[in-house]
Amino acid sequence: MISTIFHKYLGYKYREVDAFITRPIDIQNHILNHLLTRASDTFIGSQYNFSSIKNKDDFRKTVPVFHYEDLRPYLDKIIVEKQQNILWDKPVNWFAMSSGTTEDRSKYIPVTKESLTQGHYKCGEQMLAIYN
């Protein structure tokens with residue numbers, strides 16, 4: 001019985017993967033719109049007027065490419081000043097640290113509960129679904 005439930009769940013997760021395979025542009029546009037909507041009331045979202053961005057071309061025109069050092073002032077607001085709602089609308093609970101391959105320094109990567117569930121954990125489930 002557990003095996004049946006597990007296989008059904010992974011079948012559901014595989015449909016997410018299949019949608020991305022069959023409709024990658026639609027899915028990417030949907031994700032971009034979701035991210036912009038969620039971040040529109042954040043500090044960075046207000047700064048770059050995320051609420052006015054309607055598509056990838058608007059995004060490219062409006063939001064510059066950021067290097068890590070460009071993000072450092074935003075991270076300082078989170079780490080040093082203990083502010084929230086800077087880069088994302090959910091609280092930053094932890095920071096992951098990169099391996100420090102550039103400039104021999106580790107970099108701090110903000111992690112929310114949501115980024116774990118909707119990113120890392122979800123990807124793990126989808127990988128299992130592919131091999132189901």
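The following legends accompany close-up views of a predicted model of one protein chain.

**Figure 1. Overall architecture of the protein chain, with 6 helices and 2 strands.**
Along the sequence, the elements of the predicted model occur in the order α-α-α-α-α-β-β-α. The C-alpha atoms of the protein chain occupy a box of roughly 50 × 35 × 25 Å along the principal axes. The radius of gyration of the chain is 18 Å, whereas a compact globule of 132 residues would have a value near 14 Å. Of the 132 residues, 23% count as buried. The exposed surface of the protein chain amounts to about 9500 Å², and 59% of this surface is supplied by carbon and sulfur atoms. Among contacts with a sequence separation of 6 or more, 41% link residues that are 24 or more positions apart.

**Figure 2. Packing of helix H1 against helix H6.**
Helix H1 comprises residues 2–22 and helix H6 comprises residues 113–130. The two helices pack at an angle of about 100°, and their axes lie 8 Å apart. Because angles of 65 to 115 degrees count as roughly perpendicular, H1 is described as roughly perpendicular to H6. On the H1 side, the contact is formed by Tyr-9, Leu-10, Lys-13, Tyr-14, Glu-16 and Val-17. On the H6 side, Lys-122, Glu-125, Gln-126, Leu-128, Ala-129 and Ile-130 take part. By residue class, the contact of H1 with H6 contains 7 nonpolar, 1 polar and 4 charged residues.

**Figure 3. Surroundings of Lys-13 at the contact of H1 with H6.**
Lys-13 belongs to helix H1. With a relative accessible area of 8%, Lys-13 is classed as buried, because the cut-off for this class is under 20%. Leaving aside residues up to four places away in sequence, Lys-13 touches Lys-122, Glu-125, Gln-126 and Ala-129. These four partners also appear among the H6 residues that form the contact with H1.

**Figure 4. Packing of helix H1 against helix H2.**
Helix H2 spans residues 24–39. H1 and H2 pack with their axes 5 Å apart, at an angle of about 110°. The two helices are therefore roughly perpendicular to each other. H1 contributes Ala-19, Phe-20, Ile-21 and Thr-22 to this contact, and H2 contributes Pro-24, Ile-27 and Gln-28. The residues of the contact of H1 with H2 comprise 5 nonpolar and 2 polar members, with no charged residue.

**Figure 5. Asp-18 and Lys-8, two positions in helix H1.**
Asp-18 lies in helix H1 and is partly exposed, with a relative accessible area of 34%. The C-alpha atoms of Asp-18 and Ile-130 are 9.3 Å apart in space, with the two residues 112 positions apart in sequence. Ile-130 is also one of the H6 residues in the contact with H1. Lys-8, likewise in helix H1, counts as exposed at 62% relative accessibility. Lys-8 and Pro-110 are 102 residues apart along the chain, and their C-alpha atoms are separated by 33 Å.

**Figure 6. Asn-49 and Asn-85, two loop residues with positive phi.**
Most residues other than glycine have a negative phi. Asn-49 has a positive phi near 50°. This residue is placed in the loop between helix H3 (43–47) and H4. Its relative accessibility of 39% makes Asn-49 partly exposed. Asn-85, which is not a glycine either, has a positive phi of about 60°. The position of Asn-85 is in the loop between H5 and strand E1 (94–97). At 32% relative accessibility, Asn-85 is also partly exposed.

**Figure 7. Pro-64 in the loop between helices H4 and H5.**
The loop that holds Pro-64 joins helix H4 (56–62) to helix H5 (68–79). Pro-64 has a relative accessible area of 38% and is partly exposed, because this value falls between the 20% limit for buried and the 50% limit for exposed residues. The C-alpha atoms of Pro-64 and Asp-26 are separated by 23 Å, and the two residues are 38 positions apart along the chain.

Methods
Residues are numbered from 1 along each chain as its sequence is written. This is a predicted model: local features need pLDDT of at least 70, side-chain atom pairs count only at pLDDT 80 or more; totals for chains, interfaces and linings use all residues. Side-chain values use heavy atoms; hydrogens and water are left out. Axes are lines fitted to C-alpha atoms, for helices over the stretch in contact, and angles run from 0 to 180 degrees between N-to-C directions. Angles under 35 degrees count as roughly parallel, over 145 as roughly antiparallel, 65 to 115 as roughly perpendicular and the rest as oblique. Contact means heavy atoms within 4.5 Å. Ala, Val, Leu, Ile, Met, Phe, Trp, Tyr, Cys and Pro count as nonpolar, Asp, Glu, Lys and Arg as charged, and the others, Gly among them, as polar. The radius of gyration is taken over C-alpha atoms; the globule rule is 2.2 Å times the number of residues to the power 0.38. Buried means under 20% relative accessible area, exposed over 50%, partly exposed in between (1.4 Å probe, protein chains only). Accessible areas come from the Shrake-Rupley method with a 1.4 Å probe; for residues, only the protein chains shown count as cover.
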